[in-house]
Amino acid sequence: MAGISLVDPDIGPRELEAVTRVLRSGWVSIGAETAAFEAEFAAAVGVDDAVAVSSGTAALHLACVALGLGPGDEAIVPSLTFVATASAVRMTGARPVFADIVGTTGTTGTTGSTSGDLGIDPHEVAAALTPRTRAIVAVHFGGWPADLAGLRVLADAAGVALIEDAAHAPVVRSPMGMVGTVGDVGCFSFHATKNLTTGEGGMVLARDPTVLARVRALRSHGFTPQGDVVDVGYNYRPTDMAAALGRVQLARLDDDRQVRRTLTADYHRLLAPLAARPVHPPGTTTAHHLMPILLPGHVDRDAVQADLLAGGIQTRVHYPPVHWYSAYQPASGEARPRLPHTETLAPRLLTLPLHRRMTGGDVEAVVGALARALADQPADVRRAV
Ligand SMILES: *Cc1c(COP(=O)(O)O)cnc(C)c1O
């Protein structure tokens with residue numbers, strides 16, 4: 001059986017042609033392709049400039065460094081995110097302080113199902129502010145914009161920076177403007193699993209051109225355009241092969257999103273009669289990066305995943321909360337973070353396959369298999385929904 005993978009990067013003839021062109025040119029390190037990719041990405045989100053880097057993690061790390069985070073500082077981050085959101089803060093010597101997500105937001109739709117908001121809660125961020133806070137990091141989980149209005153007001157009032165981890169949300173309009181341009185710094189990832197992929201790669205935007213200039217210098221050993229070294233920098237440069245791939249993927253992003261939107265609508269329709277619910281209500285603005293659902297409480301998620309995998313269907317958990325990892329346990333004397341929404345929802349989250357090579361028939365197969373996997377659960381568990 002062919003099976004249905006969670007993600008499947010769509011590398012077509014135009015990508016092959018673009019990368020081959022760069023390889024034939026002999027200029028395989030950073031160069032003109034990267035500059036063109038930066039200009040095209042900046043134009044797509046309506047800003048003047050952008051800096052391409054070697055990964056989303058490099059983008060986040062450079063954001064923290066360029067904003068001056070260091071030992072003794074704190075940055076408020078969600079725990080329900082990929083670990084790099086928090087590790088980028090740690091790499092500077094600063095301390096990530098975890099804040100809770102909004103959580104479930106009542107009932108929606110004709111089925112009266114609960115839906116969830118997996119974005120960081122501005123109220124929780126406000127409660128976590130201390131005199132040491134230097135930055136707030138918002139994650140646009142699954143492609144849905146976080147509450148940028150609330151977070152921007154908070155950051156301005158507190159005099160701290162707002163960093164957007166927009167790894168899931170390239171070229172997404174939010175009520176406050178394009179995602180990645182509302183924060184002081186916006187960070188994107190082009191990892192193989194992301195909507196726009198260059199294999200590995202990332203991009204940085206910044207509102208203040210001096211911050212972006214600092215990011216550009218830090219990306220390459222701290223060199224200025226004049227050849228001076230003004231900072232202890234890194235080698236976070238992308239290659240021109242990656243940039244060539246990115247330019248084609250960026251041009252195809254709209255098409256890709258259209259397919260994802262249709263597949264997501266199919267999921268919403270087919271999931272409606274099931275106990276498992278899409279996390280977000282239909283129709284909200286999103287990059288359609290992920291298709292996360294909430295399983296009924298007390299369902300054995302491992303068993304459901306194993307059932308689906310036996311049928312060739314790959315699923316994943318986005319994400320085990322960062323504060324559950326060993327490296328993120330509180331130091332002795334430090335309090336455990338209070339994150340009730342994160343801790344309640346995280347064990348129920350499951351991400352279903354979503355990528356442009358899928359068909360409506362694939363969505364039916366996934367939901368059918370999910371229904372059977374849920375039916376395999378002990379009856380008392382099913383009643384506990
Ligand atoms: C993928 C991802 C990153 C890291 O990006 P890489 O390119 O893999 O380094 C950071 N944050 C989030 C939310 C991500 O999904």
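This is a guided tour of selected residues and helices in a predicted model, arranged as a series of selections to make in the viewer.

**The helix pair α9 and α12**

Begin by selecting residues 253-271, which form helix α9, together with residues 360-375, which form helix α12; the two helices pack at an angle of about 35 degrees, with their axes 10 Å apart. If you turn the view so that one helix lies in front of the other, you will find that α9 passes α12 in a right-handed crossing. To see the contact itself, show the side chains of L263, D266, Y267, L270 and L271 in α9, which meet G360, V363, E364, V366, V367 and L370 in α12. Sorted by class, this contact of α9 with α12 is made up of 8 nonpolar, 1 polar and 2 charged residues.

**M358, in the loop before α12**

Keep the helix pair on display and add M358, which sits in the loop between β14 (349-352) and α12. Leaving out residues up to four places away in sequence, M358 touches I4, L263, Y267, P353 and V363, and among these L263 and Y267 of α9 and V363 of α12 also belong to the contact between the two helices. M358 counts as buried because its relative accessible area is 5%, which is under the 20% cut-off. From here a distance label can be drawn to L151, since the C-alpha atoms of M358 and L151 are separated by 36 Å, with the two positions 207 residues apart along the chain.

**L151, in helix α6**

Follow that label to its other end, where L151 is part of helix α6 (residues 148-158). With a relative accessibility of 0%, L151 counts as buried, and its contacts, apart from neighbours within four places in sequence, are I120, P122, V125, I136, A138, A146 and L162. A second label can be drawn from L151 to T285, whose C-alpha atom is 18 Å from that of L151, although the two residues are 134 residues apart along the chain.

**L218, in helix α7**

Next select L218, which is found in helix α7 (residues 209-219). L218 has a relative accessible area of 0% and is therefore buried. Showing everything in contact with L218, but leaving aside neighbours within four places in sequence, brings up L62, V65, A66, D231, V232, G233 and Y234. For a sense of scale, the C-alpha atoms of L218 and G297 are separated by 46 Å, while the two residues are 79 residues apart along the chain.

**T198, in the loop from β10 to β11**

Move on to T198, in the loop between β10 (185-189) and β11 (202-206). Is T198 buried or exposed? It is buried, since its relative accessible area is 9%. A polar atom of the T198 side chain lies 2.8 Å from the backbone oxygen of E200, and T198 also touches F37, F190, A242, L245 and G246, not counting residues up to four places away in sequence.

**The cysteines C64 and C187**

Now select C64 and C187, and measure between their sulfur atoms in the viewer. How many disulfides does the structure hold? The number is 0. For C64, the nearest cysteine sulfur is that of C187, 7.5 Å away, whereas a disulfide needs the two sulfur atoms within 2.5 Å. C187 is likewise in no disulfide, its nearest cysteine sulfur being that of C64. C64 counts as buried at 2% relative accessibility, and C187 is buried with a relative accessible area of 2%.

**Backbone geometry at H288, H298 and Y319**

The last selections concern the backbone. Most residues other than glycine have a negative phi, and most peptide bonds are trans. H288, which is not a glycine, has a positive phi of about 55 degrees, and H288 lies in the loop between β12 (277-278) and β13 (291-294). H298 likewise has a positive phi, of about 75 degrees, without being a glycine, and its place is in the loop between β13 and α10. Their surroundings can be compared through accessibility: H288 is buried, at a relative accessible area of 9%, whereas H298 counts as exposed, at 65%.

Finally, display the peptide bond from H318 to Y319, which is cis, with omega near 0 degrees. Y319 is found in the loop between α10 (301-310) and α11 (340-345).

Definitions and conventions: Residues are numbered from 1 along each chain as its sequence is written. This is a predicted model: local features need pLDDT of at least 70, side-chain atom pairs count only at pLDDT 80 or more; totals for chains, interfaces and linings use all residues. Side-chain values use heavy atoms; hydrogens and water are left out. Axes are lines fitted to C-alpha atoms, for helices over the stretch in contact, and angles run from 0 to 180 degrees between N-to-C directions. Helices (H or I, at least four residues) and strands (E, at least two) are DSSP runs, numbered from the N terminus. A crossing is left-handed if the near helix is turned anticlockwise from the far one by less than a right angle, and right-handed if clockwise. Contact means heavy atoms within 4.5 Å. Ala, Val, Leu, Ile, Met, Phe, Trp, Tyr, Cys and Pro count as nonpolar, Asp, Glu, Lys and Arg as charged, and the others, Gly among them, as polar. Buried means under 20% relative accessible area, exposed over 50%, partly exposed in between (1.4 Å probe, protein chains only). A polar contact is a pair of N or O atoms within 3.5 Å; within protein, one must be able to donate a hydrogen and the other to accept it, and residues adjacent in sequence count only if both atoms are side-chain atoms.
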